[in-house]
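Reader: I am new to protein models and would like to learn how to read one. Could you walk me through it, feature by feature?

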Amino acid sequence: MQASDTAAAAGDEVSGRAAAEDEVSGGVAAPLAGGGDAPPAPRTAGDGSGRESRKTVVARAAAAVAGGIALFLSFPPLGWWLCAPLGIALITGSLYGARPGRAAWLGYLGAAVFLFPALAWVRTIGDDVWFMLVGVESLFYAAMAALAALVFRLPGWPVWFGCLWVAMEWARGLVPIGGFPWARVAFSQGESLFTEYAALGGAPLVSFAVALCGALLAHAVLVRSRGWHRAVPVAAALAVPLLTLAIPRPGDEGRSVNIGIVQGNVPGRGMYALGDEPAVVLKNHANETKRLAQAVREGKLPKPDIVVLPENSTDIDPYSDEFARQIIQDSVRDVGVPTLVGAVVAIGDDERATRSLVWDPVTGPGAYYDKQNLVPFGEYTPFKEIVLALWERASLVGRQSVAGTKPGDLKLGPVTIGAVNCYEVAYDGTVRGTVRAGGTPLVVQTNNASYALSNLPPQQLAMSQLRAVEHNRAVVTAATTGISAYVTPDGKVSWQTRELVADMNVVKVPVRTQETLATKVGALPEWALMTMGAMAVGVAAWGGRRRGDRVRSD
């Protein structure tokens, strides 16, 4: 896409003189006459009336589409992480110089092109849910794009654009109905040059770094500069990921724990993954636990200190069903070490909790952690009376889940693990709270059975990789159907299963206690970036009003 297609000169409306061809670095062309101290304004190709030509509009739309496709390619299972800054560069190019209204629909277009394939796993629930989710989430990108159209008028706009991207992702993770932080740009960087920023400022800083890099690349193409000035944004774009090589990483502390990981598989697929026959899932995981115990006795695997089973590894409440309780007790006694069991348990007559339950080989069930971030329409029904009346599938939720209120630090054998349940790995505060409470290593229990062989399991594994670096903690994932895995504290996947098979292993996991800067400062970097973005929008809007007042005065 040519620079002239995305940012053409704004004419001097008073004297009719031509706009300047040259710009200072960090700005865009300003009118020669009446320029004064006004902020430089983006240039618009058209017929002189402020309307853009059809060719320019088509070029903008094409750049937005290409940017959305590139963003999708950066996410697992492809994981071409370099496509993330490239995609953002293209989206930036589509927005640069556009008025806020046009920028909004271009942002919506790019987001929809990105999110439709990135969230294709939602189709398991229904195409209507998929369309609704993408439609709602794309609105956040549209709002961000409209605000970006304002900050493009400011010097240093790549920085302000990156701040707005962080604010958009924060809003997505907050509303509606608890937010949906999936598909944040940081989660495309499970193992890349950008990943180390997680140790300094968590996922928000990683997203900012990627967005800044993309915006700098766009700046190098879109903003006309003399000579070596054009090389400055290119050099800065390259420096952003390369600077992570200088970030120090905590070392090994000389302590480790052997963790048995069990993946039992399920009989069904899709929305009916657990099958119709009760206790099949429970028996699958109990049998796989016993197979692990047998492999240990035969010397094929080292003896574990603890064993981890997935979320929903029992499809029957072991508190109320003696049969289920006995099956679990037999398998845990066979392996002979404390085991973390995933269960959905009844709370009163009408409610339930998704629970990580410590099971001792002698004393049985003990301490537990209840999932805090619940899946709307999966574990509970928002606006229950209305939704159940209009949407038959909503009845599949059954009992309504109750959210836990405490972090997942659980004493399990020789360590205090940090229990995180499935969907929660996407929530910064939940994972951080568990680490701050003393959880190490992190244990992610998950049930991806309804989404097996989709792009959800690899996307979730990439989140675990980012969390490992963010908090200097090993992450062990146990999944019903896969992907079960062990991620080292530096974000490397050391072992993983295939999907839709029963499997087990014992892995030696380092126990780290040293906190990263990201763990210590929490959400402060995110709030700082969002505040900077808000201030930039305010300055740009104020500058635009001043220019308008001056034109009316002339």
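Author: We will go from the whole chain to strands, sheets, the surface and a few backbone details. Please keep in mind that this is a predicted model.

Reader: Let's begin with the overview. How many helices and strands does the protein chain have?

Author: There are 15 helices and 13 strands in the protein chain. Of its 554 residues, 57% are buried. The accessible surface comes to about 22200 Å², and carbon and sulfur atoms account for 60% of that. Contacts tell us about the fold as well: among those with a separation of 6 or more, 71% link residues 24 or more positions apart.

Reader: Now the strands, please. What should I look for when strands pair?

Author: Strands of a sheet pair through backbone hydrogen bonds, and the pairing is either parallel or antiparallel. Strand 4, residues 351–360, is a good place to practise, and eight of its 10 residues are buried.

Reader: In which sense do strand 3 and strand 4 pair, parallel or antiparallel?

Author: Strand 3, residues 339–347, pairs with strand 4 in the antiparallel sense, over nine bridges. To see the register, find Val345, which stands opposite Ala353 in strand 4. The two strands form a hairpin with three residues between them, and Gly348 in that turn has a positive phi of about 70°.

Reader: And what joins strand 4 to strand 5?

Author: A hairpin again, running through three residues. Strand 5 covers residues 364–370, and its pairing with strand 4 is antiparallel, over five bridges. Here Leu357 stands opposite Tyr368 in strand 5.

Reader: How many bridges join strand 4 to strand 6?

Author: Two bridges do, and these strands run parallel. Strand 6 consists of residues 400–401. Look for Arg352, which stands opposite Ser401 in strand 6.

Reader: I think I can follow a pair of strands now. What is the order of the strands in the open sheet of six?

Author: The order is 7-8-9-10-11-12, with mixed pairing. Strand 7 (409–412) and strand 12 (493–496) stand at the edges; each has a single partner strand, so one side of each is left without a neighbour in the sheet. On average, neighbouring strands of this sheet are turned by 25° against each other, direction ignored.

Reader: Which helix packs on this sheet?

Author: Helix 13, residues 456–471, packs on it, touching strand 9 (442–446), strand 10 (475–479), strand 11 (485–487) and strand 12. The direction of helix 13 makes about 30° with that of strand 11. At one edge of the sheet, four bridges join strand 7 to strand 8 (residues 415–421), and the two run antiparallel. Lys411 stands opposite Thr416 in strand 8.

Reader: Let's move to the surface. Which residues form a nonpolar patch there?

Author: Trp170, Leu174, Val175 and Trp527 do, with about 380 Å² of accessible area together. Trp527 belongs to helix 15, residues 524–553. Trp527 counts as partly exposed because its relative accessible area is 45%, which lies between the cut-offs of 20% for buried and 50% for exposed.

Reader: Val175 caught my eye. What is the form of the peptide bond from Val175 to Pro176, cis or trans?

Author: Here is the general idea: most residues other than glycine have a negative phi, and most peptide bonds are trans. The bond from Val175 to Pro176 is cis, with omega near -5°. Pro176 is in the loop between helix 6 (157–172) and helix 7 (198–222). Another cis bond runs from Thr440 to Pro441, with omega near 0°. Pro441 lies in the loop between helix 12 and strand 9.

Reader: What about phi? Where is Asn265 found, and is that residue buried or exposed?

Author: Asn265 sits in the loop between strand 1 (256–263) and helix 9 (280–297), and its phi is near 75°, a positive value in a residue other than glycine. Asn265 is buried, with a relative accessible area of 13%. Cys422 is another case: its phi is positive, about 50°, although it is not a glycine. Cys422 is in the loop between strand 8 and helix 12, and at 10% relative accessibility Cys422 counts as buried.

Reader: Which residue with a positive phi follows helix 12?

Author: That is Gly438, with a phi near 110°. Helix 12 itself spans residues 428–436, and its buried residues include Val431 and Val435.

Terms used:
Residues are numbered from 1 along each chain as its sequence is written. This is a predicted model: local features need pLDDT of at least 70, side-chain atom pairs count only at pLDDT 80 or more; totals for chains, interfaces and linings use all residues. Side-chain values use heavy atoms; hydrogens and water are left out. Patches are made of residues with over 30% relative accessible area and no salt bridge: like charges are joined within 9 Å, nonpolar side chains (Val, Leu, Ile, Met, Phe, Trp, Tyr) within 5 Å. Accessible areas come from the Shrake-Rupley method with a 1.4 Å probe; for residues, only the protein chains shown count as cover. A salt bridge is a side-chain nitrogen of Lys or Arg within 4 Å of a carboxyl oxygen of Asp or Glu. Buried means under 20% relative accessible area, exposed over 50%, partly exposed in between (1.4 Å probe, protein chains only). Two strands pair if DSSP finds at least two bridges between them. Axes are lines fitted to C-alpha atoms, for helices over the stretch in contact, and angles run from 0 to 180 degrees between N-to-C directions. Contact means heavy atoms within 4.5 Å.
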